[in-house]
Amino acid sequence: VSWIAGAPPPALREVGGSIRLVVQVRHGPNVHAATVTRLPDAPTNSIDETVDNPMVLEVELDDLDSGLAPGQYAAFYIDYDNGQSVCLGSGVIRERTAEELIEGVARCADEAAAATVRLAGT
């Protein structure tokens with residue numbers, strides 16, 4: 001991920017931090033509201049060696065976008081109340097590792113269990 005300011009927004013400076021941003025994928029006018037969360041940085045041997053910043057972000061789009069593919073770019077924008085948008089940076093979409101997929105499944109199971117407990121308690 002490359003940040004225009006040279007550093008991520010304050011909310012993404014620590015692993016686990018998250019922020020609501022607008023994300024544009026591919027070339028075109030479509031943008032999506034999204035929650036962007038910082039994950040642990042990738043080991044340098046697991047990504048392109050020319051990349052100086054191994055920052056990994058999880059981007060959860062509010063809307064479905066069936067055209068996403070590894071190798072495409074995602075641009076991150078912040079929208080202000082006055083209607084202005086500012087591009088913060090961009091990064092390359094990569095495939096999830098097996099460990100990330102397993103972690104995601106476990107997190108979904110935990111969230112489903114918690115929801116079940118909340119429903120049973122109401």
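These legends go with a set of views of one protein chain, shown as a predicted model.

**View 1. The whole chain, with six strands and one helix.** Start here to get your bearings. Reading from the N terminus, the order of elements is β-β-β-β-β-β-α, so to speak a run of strands with the helix at the end. The chain has 122 residues, and 28% of them are buried. Its accessible surface adds up to about 8400 Å², with carbon and sulfur atoms accounting for 56% of that. If you take contacts between residues at least 6 apart in sequence, 46% link residues that are at least 24 apart.

**View 2. The largest nonpolar core, a set of 15 residues.** Look for Trp-3, Val-23, Val-36, Leu-57 and Phe-76, the members that touch the most other members. Four strands each put in at least two residues: S2 (18–25), S3 (31–39), S4 (56–61) and S5 (73–79). The top contributor is S2, with four residues.

**View 3. Val-23 and the residues around it.** Here we zoom in on one of the core residues picked out above. Setting aside anything up to four places away in sequence, Val-23 touches Asn-30, Val-31, His-32, Ala-34 and Val-36, and also Val-59, Leu-61, Ala-74, Ala-75 and Phe-76. Two of these partners, Val-36 and Phe-76, are named in View 2 as well, among the core members that touch the most others.

**View 4. Gln-72 in the loop between S4 and S5.** The side chain of Gln-72 reaches back to the backbone nitrogen of Ala-69, at 3.0 Å. Beyond its neighbours within four places in sequence, Gln-72 is in contact with Arg-26 and Gly-67. The list of contacts also takes in Gly-91, Val-92 and Ile-93.

**View 5. Ser-2 in strand S1 (residues 2–3).** Ser-2 has a relative accessibility of 52%, so it counts as exposed; the cut-off for that label is over 50%. Exposed or not, Ser-2 does have partners from elsewhere in the sequence: leaving out residues up to four places away, it touches Leu-88, Gly-89 and Ser-90. Val-92 is worth finding in this view too. Ser-2 and Val-92 sit 90 residues apart in sequence, while their C-alpha atoms are 9.4 Å apart in space. You have already met Val-92 in View 4, as one of the residues in contact with Gln-72.

How values were computed: Residues numbered from 1 in each chain as written. Predicted model: local features only at pLDDT ≥ 70, side-chain atom pairs only at ≥ 80, totals over all residues. Heavy atoms only, no water. Core = buried A, V, L, I, M, F, W, Y, C linked by side-chain atoms within 4.5 Å. Buried < 20%, exposed > 50% of the residue type's maximum accessible area, 1.4 Å probe, protein only. Contact = heavy atoms within 4.5 Å. Polar contact = N/O pair within 3.5 Å; in protein donor to acceptor, adjacent residues only side chain to side chain. Areas by Shrake-Rupley, 256 points an atom, 1.4 Å probe, with all protein chains shown as cover.
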